[in-house]
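Please work through the exercises below with the sequence and the model open beside the text. Each exercise sets a task and is followed by a solution in steps.

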Amino acid sequence: MPRLWLEFKKLEPNALNYSLRANVGGSWWNGAVTDPISQDPRARHAELVQEIEAHRAAYYERDQPTVSDAEYDALERELRELEAMHPELAEPDSPSHTVGGAVATGFASVRHRERMMSLDNAFDLKDVAAWLDRIEKGGGPRELVCEPKIDGLSISLTYEDGILTQGVTRGDGTTGEDVTANIKTIAGLTHRLDRERAPVPSIVEIRGEVYLPVAAFDELNTALAEEGKATYANPRNTAAGSLRQKDPKVTATRPLAITTYALGALEWGAAIPDPRAETQIGAYALLADWGLPVSDLTETHAGIAAIEGYLNRLEARRHSLVHEIDGAVLKVNDRAAQRLLGATSRAPRWALAYKFPPEEVTTRLEDIRVGVGRTGRVTPYGVMTPVTVAGSTVAFATLHNADEVRRKGVLIGDTVVLRKAGDVIPEIVTAVVAARTGTEREWIMPTSCPSCGTTLARQKEGDVDLRCPNAEKCRGQIVDRIGFIGSRGAFDIEVLGDKAAAALVEAGVLDDEGGLFDLTETDLKRVPLFTLDQDSKKDGVSRRAGDVSTNGLKLLENLEAAKARPLWRVLVALSIRHVGPTAARALASAFGSLDAIRAADEVTLSAVDGVGPVIARSVQEWFGVPWHARIVERWGAAGVRMVDERGDAGERTLEGLAIVVTGSLQGFSREGATEAIVARGGKASSSVSKNTDFVVVGENAGSKAAKAEELGVPILDEAGFTRLLENGPG
């Protein structure tokens, strides 16, 4: 049975809240608990109100949040649960009854004609189902409008007789900031509603979300970094800060965008009312006819199954959208039913925000350490108080290099923003400067290798990375190279990971990667990780302690099978700097054998499509190192295939064609599709351009499919892709 450890620690000396660490079978879980006996509900309520109001001010008024959205949502949930148990605490001015935000100084206050409310949140499908039951009992139909929840700044636009007269932030929902001059600088926002396509009211308030497109945010941060200036933490805060500039000329330099999503106050005057305004989906068609931008991801659905399908599809596209989203908004379609359902003091009963699992959280940076990788690059990484982000617990995050640490301005002891936006490796985005206590300290990059102690150096002038030059003997580099050999992009050996590589080197079985394919059962008996620690009997076969384990036997079996892998995998596995799967495939396709690649000069290598002078130089330099040559010789002697048989892949039906694969295919993994293209003489591209010949679209395809349509590039489904592989473009 796995053992259980629990550790409690007070978060503050006089507080009644504790941090909790639980260890089950070697894995730690972190959280927080409240003393259920001694906690005074009134005192805890006061703490929560004070903390929530402080976070609201930081988020809405200063555009400098000190906690993640998920942490803020947790505080609001606790407040509502506490008030549900103790109704006498639910005062009218409680954050559970009010909308966050206030008017910042420097802007005129404007009262909304119709209140801009907040939304209640749902965090799973049970919450959504419960909400559906409530609105059905309240007389609301089940047909809903489902749309993305854009992570931006809420805005209200007032048009009088079709002319844009005012732009106001949400503020506290009743009163906002007049940012009319700034809002008029946003490209794509019409200043005059189109009368020819739809009737125009005498007065209409239109709700929208101002955002900074992800690509524009990345470009802005890149430019700031090149100038040596501090970068922004995320697009939402950047958009809010840009819209609140005192000088509209500054706002005009920021490529802000807007999407409209609702009608507020509406007076038709002498105009004949447009009946489409009586449904939510019809209102979007009306907004579009007026010339206002609306989301093309809006759909109508009824029932929890259809809604779940929409949410899953939207989340799958989350990282391919032009803007950031943190969930979806569900609204009753019938606006008469909306009025019947009404609202609480802070949120409409007819709408709900469904939040995706958080991908950006805050935690404490406990230390900064460095590690050395397979190419000798020494990389700083953050050691953090473990925190759950994007569904997994994270305790380490990359900081890339010393220059990046300085650029981000993080100090040891900082509260930091951690992001795992679709990436496998979590990244520290920035420090929460407002949360500093004065106990934080600066980190200094070490001058020697953390593994072997060799003095670090830059490989060439202008390099941002420090490297350990002791590639042949540095234990850290050797272990990382051996572990990389087993990775999916190299030989794809399931049992050979970082842990196995370290065990093989630690036991003295391997001095470097050269002897990997010579391993025997006798060798593995010296490695505790690959031996039995007690007698066992499996499938009628008795085995004694010290014999090679099932995993050990599997490793030997996988190594034997890997010897027959294609040449490009051998090239990747050699850890030649700059040579990844794409360049390796190009080289293998062009030369056919390792000897031919080794004999080619730099000019010949550079001429290969997808290689170029930098990779060519790196290949030549790698083969010029004597101990590298010894590794190749040992692998060859052990039976690793160093030549591609040209007839293996069949006809070269795709000679000269550039093909992009996007989304999930049933009959091909992403790597399998790439291999199939390259084996037939084609080029597997990662981005769509006018030079792309075909785009293959699978399930959950992202923006590449839309880009292909825009450029007129032929689009194939999986069946079409299979025919293309077999018969070529004809």
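Two strands count as paired if DSSP finds at least two bridges between them, and residues standing opposite one another are read in that setting, as with T158 and Q166 in β8. The model is predicted.

**Exercise 1. State how confident the predictor is in the chain, and say which stretch has pLDDT below 50.**

Solution. Begin with the whole chain, for which the mean pLDDT is 83, while 86% of the residues reach 70 or more. Then turn to residues 1-38, where the pLDDT is below 50, although this stretch has 62 contacts in the model beyond near neighbours in sequence.

**Exercise 2. Describe the open sheet of four strands, from its order to the helices that pack on it.**

Solution. First write down the order, β8-β7-β10-β11, in which the pairing is antiparallel. Next find the edges: β8 (163-169) and β11 (257-267) each have a single partner strand, so one side of each is left without a neighbour in the sheet. The twist from one strand to the next averages 25 degrees. For the pairing of strand β7 (residues 153-160) with β8, count six bridges between strands that run antiparallel, and note that T158 stands opposite Q166 in β8. Finally add the helices: α6 (residues 235-243) touches β7 and β10 (203-211), with its direction at about 40 degrees to that of β7, whereas α8 (residues 280-289) touches β10 and β11, with its direction at about 110 degrees to that of β11.

**Exercise 3. Find the edge strands of the open sheet of five strands, and say which strands α3 and α9 touch.**

Solution. Start from the order β5-β14-β13-β6-β12, a sheet with mixed pairing. The edge strands are β5 (121-122) and β12 (299-302), each of which pairs on one side only. Strand β6 (residues 143-150) pairs with β12 in the antiparallel sense over four bridges, and the bridge partner of C146 in β12 is E299. Helix α3 (residues 125-137) packs on this sheet and touches β5, β6, β13 (325-332) and β14 (351-355), its direction making about 175 degrees with that of β14. Helix α9 (residues 304-316) also packs on the sheet, where it touches β6, β12, β13 and β14, and its direction makes about 145 degrees with that of β12.

**Exercise 4. Follow strand β15 to the strands with which it pairs, and say which residue of its hairpin with β16 takes a positive phi.**

Solution. Strand β15 (residues 360-372) pairs with strand β18 (residues 415-419) in the antiparallel sense over five bridges, and in this pairing E360 stands opposite R419. Seven bridges join β15 to strand β16 (residues 378-389), again with the strands running antiparallel, and here L365 stands opposite M384. In the hairpin of β15 and β16, five residues lie between the strands, and G376 takes the positive phi, near 90 degrees.

**Exercise 5. Classify the packing of α12 and α13, and list the residues that meet.**

Solution. Helix α12 (residues 475-485) packs against helix α13 (residues 498-506) at an angle of about 130 degrees, and their axes are 8 Å apart. That angle makes α12 oblique to α13, and the crossing is right-handed. From α12, the residues R475, I478, V479, D480, I482 and G483 meet D498, A501, A502, V505 and E506 of α13. Sorted by kind, the residues of this contact are six nonpolar, one polar and four charged.

Conventions:
Residues are numbered from 1 along each chain as its sequence is written. This is a predicted model: local features need pLDDT of at least 70, side-chain atom pairs count only at pLDDT 80 or more; totals for chains, interfaces and linings use all residues. Side-chain values use heavy atoms; hydrogens and water are left out. Axes are lines fitted to C-alpha atoms, for helices over the stretch in contact, and angles run from 0 to 180 degrees between N-to-C directions. Helices (H or I, at least four residues) and strands (E, at least two) are DSSP runs, numbered from the N terminus. Angles under 35 degrees count as roughly parallel, over 145 as roughly antiparallel, 65 to 115 as roughly perpendicular and the rest as oblique. A crossing is left-handed if the near helix is turned anticlockwise from the far one by less than a right angle, and right-handed if clockwise. Contact means heavy atoms within 4.5 Å. Ala, Val, Leu, Ile, Met, Phe, Trp, Tyr, Cys and Pro count as nonpolar, Asp, Glu, Lys and Arg as charged, and the others, Gly among them, as polar. pLDDT is the predictor's confidence in each residue, from 0 to 100.
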